[in-house]
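The following exercises concern the structure shown below. Each consists of a task and a solution that proceeds step by step.

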Amino acid sequence: MPSVTQTTPVLRPPAPGPRPQTLLWVLLGALPLLIAIGYASGVLLAKRANAIDAEARHRPSAAALAPSASVSRTPSPSPVPAPTWLTSTKAPVLRPVTGKPVLGPAYVDRDTTYTAAFPGWPFAFRLPDGWNCVNGDTLRSAPAAYRKVCVDELTHSPDRAVVLSLLRCERDCTTARMRALALSWLAQAGTPVRDGTRTWHVETPQDGKGLWVLDLAHVFTWNGDDYLVVLYANMPPAEKDVALKIVNDIVAQAG
């Protein structure tokens with residue numbers, strides 16, 4: 001769970017650890033909600049290589065990007081071990097950033113947001129009021145990726161989600177290798193659009209469920225280490241700006 005603190009005039013005070021609403025959502029609502037994200041997209045997500053092991057392990061998760069992944073239909077003998085490279089317990093903080101959004105709108109001063117700050121992560125980012133995140137499953141096709149599943153708690157709808165996958169390059173972290181790694185995560189989503197030298201995205205105006213879908217990969221460096229953050233977002237088309245603000249904030253804060 002992220003450490004959630006307010007960054008704008010607040011509607012409710014921050015709480016250490018999970019908020020009561022969030023804890024109840026995780027215990028009672030996350031399983032059907034997040035499994036629905038994986039189940040409902042079914043064949044489409046398999047084609048886009050965004051499937052995970054939620055079906056096998058029956059615990060909270062959601063569909064997300066993965067290089068060359070396929071849908072898991074049979075129980076796994078054991079869970080995928082969590083990555084071990086994230087060892088720091090220090091929570092990141094928001095940084096002052098400037099620059100043009102990758103796609104669509106960015107947050108403005110009147111937006112009410114909370115800061116998602118996961119201990120050990122190289123960046124924090126803002127979520128709209130009513131959103132929160134839970135840990136995602138470790139992907140067999142990307143066992144070194146840490147994953148977070150962020151959803152709209154107010155609607156409890158699988159049609160509104162942003163999923164992050166974070167990887168750190170451990171060796172041979174050349175520009176060409178990081179680019180190839182980023183593009184491998186988008187290979188089955190469609191033809192990537194290049195946004196500068198370190199960001200690529202694939203936007204699907206309407207998928208088989210009638211949802212707007214965005215797949216995005218962003219390469220960045222923090223404290224001398226090279227990282228890749230991969231984002232998968234789905235929203236009703238009329239509400240896509242909500243997800244775009246989250247995505248743009250993540251890219252800006254990652255740097």
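**Exercise 1. Determine the handedness of the disulfide between Cys-169 and Cys-173, and characterise the burial of its two residues.**

Solution.
1. In this predicted model, a disulfide joins Cys-169 to Cys-173, with an S to S distance of 2.1 Å.
2. The torsion about the S-S bond of Cys-169 and Cys-173 is about -105°, so this disulfide is left-handed.
3. Cys-169 has 10% relative accessibility and therefore counts as buried.
4. Cys-173 has 25% relative accessibility and therefore counts as partly exposed.

**Exercise 2. State how many disulfides there are, and describe the link of Cys-133 and Cys-150.**

Solution.
1. A pair of cysteine sulfur atoms must lie within 2.5 Å to be counted; the count comes to 2 disulfides.
2. The sulfur atoms of Cys-133 and Cys-150 are 2.1 Å apart.
3. This pair links distant parts of the chain, with Cys-133 in strand β4 and Cys-150 in strand β5 (residues 146-152), 17 residues apart.
4. The link of Cys-133 and Cys-150 is right-handed, with 95° about the S-S bond.
5. Cys-133 and Cys-150 are both buried.
6. With the bonded cysteines numbered in sequence order, the pairing reads 1-2, 3-4.

**Exercise 3. Give the strand order of the sheet with 7 strands, and explain why β4 and β7 each have one side without a neighbour.**

Solution.
1. The order in this open sheet is β4-β5-β6-β10-β9-β8-β7, and the pairing is antiparallel.
2. β4 (131-135) and β7 (193-195) stand at the edges with a single partner strand each, so one side of each has no neighbour in the sheet.
3. On average, and with direction ignored, neighbouring strands of this sheet are turned by 20° against each other.
4. Within the sheet, strand β9 (residues 212-222) and strand β10 (residues 225-235) are joined by 11 bridges and run antiparallel.
5. Phe-220 stands opposite Tyr-227 in β10.

**Exercise 4. Identify which strands helices α3 and α4 lie across.**

Solution.
1. Helix α3 (residues 175-186) lies across β6 (161-168), β8 (199-204), β9 and β10.
2. The direction of α3 is at about 20° to β10.
3. Helix α4 (residues 240-254) lies across β4, β6, β8, β9 and β10.
4. The direction of α4 is at about 10° to β9.

**Exercise 5. Decide how far strand β2 is covered, and on which faces.**

Solution.
1. Strand β2 (residues 113-117) has 5 of its 5 residues buried.
2. In a regular strand the side chains alternate between the two faces of the sheet.
3. One side of β2 carries Thr-113, Thr-115 and Ala-117, the other Tyr-114 and Ala-116; all are buried, and both faces are covered.
4. β2 is joined by 4 bridges to strand β3 (residues 125-128), and the two run antiparallel.
5. The bridge partner of Thr-113 in β3 is Pro-128.

**Exercise 6. Find which residues the ring pairs link into a cluster, and classify the pair of Phe-123 and Phe-125.**

Solution.
1. The structure holds 8 aromatic pairs.
2. The pair of Phe-123 and Phe-125 has its centres 6.3 Å apart and 50° between the planes, and is tilted.
3. Phe-123 and Phe-125 are buried.
4. The cluster linked by ring pairs consists of Trp-85, Phe-118, Trp-121, Phe-123, Phe-125, Tyr-146, Phe-220 and Tyr-227.

**Exercise 7. Locate Arg-95 and list its contacts beyond four places in sequence.**

Solution.
1. Arg-95 is found in the loop between α2 and β2.
2. Beyond its neighbours within four places, Arg-95 is in contact with Pro-122, Phe-123, Trp-222, Gln-253, Ala-254 and Gly-255.
3. Arg-95 and Gln-253 are 158 residues apart along the chain, yet their C-alpha atoms are separated by 6.4 Å.

**Exercise 8. Establish where confidence is lowest and where it is highest.**

Solution.
1. The chain averages a pLDDT of 74, and 69% of the residues score at least 70.
2. Confidence is lowest in helix α2 (residues 54-57), at a mean of 25, and highest in α4, at 96.
3. Over residues 1-77 pLDDT stays under 50; the model has 188 contacts beyond four places in sequence for these residues.
4. Where pLDDT is low, the predicted coordinates should not be read in detail.

Technical notes:
Residues are numbered from 1 along each chain as its sequence is written. This is a predicted model: local features need pLDDT of at least 70, side-chain atom pairs count only at pLDDT 80 or more; totals for chains, interfaces and linings use all residues. Side-chain values use heavy atoms; hydrogens and water are left out. Two strands pair if DSSP finds at least two bridges between them. Axes are lines fitted to C-alpha atoms, for helices over the stretch in contact, and angles run from 0 to 180 degrees between N-to-C directions. Contact means heavy atoms within 4.5 Å. Buried means under 20% relative accessible area, exposed over 50%, partly exposed in between (1.4 Å probe, protein chains only). pLDDT is the predictor's confidence in each residue, from 0 to 100. Rings of Phe, Tyr and Trp (its six-membered ring) pair if their centres lie within 6.5 Å; planes under 30 degrees apart count as stacked, over 60 as edge-to-face and the rest as tilted.
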